[in-house]
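Good morning, and thank you for coming. Please take a moment to look at the sequence and the structure before we begin.

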Amino acid sequence: MSEIQWLDEVLKRKDDLIKDLQSFLQIKSVLDEEHATADAPLGPGIKKALEYILDLGEKDGFKSKNVGNLAGHLEMGQGEELLGILGHIDVVPEGDGWSVDPYGAVIKDGKIYARGSSDDKGPTMAAYYGMKIVKELGLPLNKRVRLIIGTDEESGWRCVDHYFKHEEMPTIGFVPDADFPIIYAEKGISNFDIVQPAQEGQATGQIELLSFQSGRRYNMVPDFAEVHVHVQDETVDLEHSYQAFLNEANLEGNISTNGKERILTLVGVSAHGAEPRNGKNAGIFMAKFLDEFQLDESGAKFVATVSQFFDQSRGEVFGIQYTDDVSGDLTINVGIMSFQKESGGKIGCTMRYPVTFDIEKGKAKIEALVKENGFQLAKFTDSKPTYVKAELLAIGGGTYARALKHGVAFGAMFPGREDVMHQKDEYAYVDDLLKATAIYAQAIYELAKA
């Protein structure tokens, strides 16, 4: 057999690949539990995206299976062993401040802009076309190849939990949801809530905090915050103070009046929660501003707790700073901040901890400090780190590689490229996706022929 020119095979299918990807990206596949049904357990958008990729696979001759509308797969080849490729079709909410339609999939300056273009619909489509090329070339395989499609990677991983209760674990596999060359270690991921019980009593202080809202997901740096307050001390010039704060922080925001209420908004910079320093957390900035005033007791307690995290993303707040040579620093992102005067507050965090970190001791420290301050630790989850010894790359993000017994994350972001996952104006270079497709096609063939 003559040597296969993988990139040439991709370029023959370039127009179809881009057209299919654009249609895929135009589906708003965000978790929508409010509109969930028995046959759309994560919402109609996610179901539509899952059906889209399964229908595409059926049309191209793959064996398809929908696994409870929570996951699915497309399969080719034969043999007892199974090569699994795990991608996900759910995306984080689009957030604010886009310069283009976040679901328009517009291409300009060689980039395709859309939520999910880099995380993870773009790489998943690249892996799909890699399989398609191997299939259409009629190459002999000694393993079955299965593209496993997840639908809840950005939230609770209900998809892979359900899938592997009903389907076999791949013999080997990879996940197109990270960087090239290969990710050999992923930090552990713990999500948890710090809950403030409702507090009765008269409002005292200069300002009464009525409500505070920022953030939609644990794994996103929030880019917007909105606060409602009642100014009880007429000598407080909230407007002048807020504008001065915004100017100093180089941020945009607004303050308006609704009867006795003042409504403050602040625009931050979104980023992936694995590295909070890449963004500007709108909620934390808002809390830092409010913490300069005398608030009512419950409001003061909430904003003081949130503002502790200002420029403190390495576990300093809980005294659990940690780093190792394998996977770097422990990081904590405050992704959800909500407070209502009548019902109390919640601070939702994601902690990415190094592979050698003792999570039980870390959790105990967090819980002790939270209780000491009159809060409660709730909904603590722990996805253990994964580590395959090799001289390659390590990341703080979490991929489906940790769901595999024998697998790694593999692409699709190339070295030197800016990581725009979970940010506004998320994009992927079209040429990079084409090259990734060629790499995946060759990898699938080499792994499945052996």
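I shall speak in turn about a central strand, the nonpolar cores, a cavity and two individual residues. Please keep in mind that the model is predicted.

Let us begin with strand S6, which covers residues 144-150. How many of its residues are buried? The count is 7 of the 7, so the strand is largely enclosed by the rest of the structure. In general, the side chains of a regular strand alternate between the two faces of the sheet. In S6, both faces are covered. Arg144, Arg146, Ile148 and Gly150 are buried on one side, and Val145, Leu147 and Ile149 are buried on the other.

Which strands pair with S6? One is strand S2, residues 71-77, which is antiparallel to S6 and joined to it by 7 bridges. Within that pairing, alanine 71 is opposite glycine 150. Another is strand S3, residues 82-88, which runs parallel to S6, with 7 bridges between them. There, glycine 87 has isoleucine 149 as its bridge partner.

From S6 we may pass to the largest nonpolar core. As background, nonpolar side chains in soluble globular proteins tend to be buried together. The largest nonpolar core here has 58 residues, and those touching the most other members are Trp6, Met125, Tyr128, Val134, Val145, Tyr440 and Ile444. The elements that give two or more residues to this core include helices H1, H2, H3 and H4, together with strands S2, S3 and S6. Helix H10 gives the most, with 11 residues.

Valine 145 deserves a closer look, as a member of both S6 and this core. Setting aside neighbours within four places in sequence, valine 145 is in contact with Leu74, Glu75, Met76, Leu82, Leu83, Ile85, Met131, Ile444 and Ala448. Apart from this core lies another, of 49 residues, and Ile207, Ala287, Phe339 and Ile347 are among them.

I turn now to empty space. A search of the whole structure gives 4 cavities of 30 Å³ or more, and the largest of these holds about 180 Å³. What lines the largest cavity? The lining has 17 residues, and Ser118, Ala412, Met413, Ala428 and Tyr429 lie nearest the centre. Strand S23, strand S24 and helix H10 each give two or more residues to this lining. By character, the lining residues are 12 nonpolar, 2 polar and 3 charged.

Next comes isoleucine 112, which sits in strand S5, residues 111-113. Is isoleucine 112 buried or exposed? Its relative accessibility is 2%, and since buried means under 20%, isoleucine 112 counts as buried. Beyond residues up to four places away in sequence, isoleucine 112 touches several others, including Leu21, Leu25, Val106, Tyr427, Ala428 and Leu433. Isoleucine 207 stands 95 residues from isoleucine 112 in sequence and 46 Å from it in space, C-alpha to C-alpha.

Finally, where is phenylalanine 357? It is found in the loop between strand S18, residues 344-353, and helix H9, residues 359-372. Phenylalanine 357 is buried as well, because its relative accessible area is 12% and the cut-off is under 20%. Neighbours within four places aside, phenylalanine 357 is in contact with Ile320, Tyr322, Leu330 and Gly362. Lysine 14 is 343 residues from phenylalanine 357 in sequence, and the two are 44 Å apart in space, C-alpha to C-alpha.

That concludes my presentation, and I thank you for your attention.

Notes: Residues are numbered from 1 along each chain as its sequence is written. This is a predicted model: local features need pLDDT of at least 70, side-chain atom pairs count only at pLDDT 80 or more; totals for chains, interfaces and linings use all residues. Side-chain values use heavy atoms; hydrogens and water are left out. Buried means under 20% relative accessible area, exposed over 50%, partly exposed in between (1.4 Å probe, protein chains only). Helices (H or I, at least four residues) and strands (E, at least two) are DSSP runs, numbered from the N terminus. Two strands pair if DSSP finds at least two bridges between them. On a 1 Å grid over the protein atoms alone, a cavity is a set of points where a 1.4 Å probe fits but cannot get out, and a pocket is an open set with protein on both sides within 12 Å along at least five of seven lines; lining residues have an atom within 4 Å of a point. Grid points are joined across faces, edges and corners, and a volume is the space filled by probe spheres set on the points. Ala, Val, Leu, Ile, Met, Phe, Trp, Tyr, Cys and Pro count as nonpolar, Asp, Glu, Lys and Arg as charged, and the others, Gly among them, as polar. Contact means heavy atoms within 4.5 Å. A nonpolar core is a set of buried Ala, Val, Leu, Ile, Met, Phe, Trp, Tyr and Cys residues joined through side-chain atoms within 4.5 Å.
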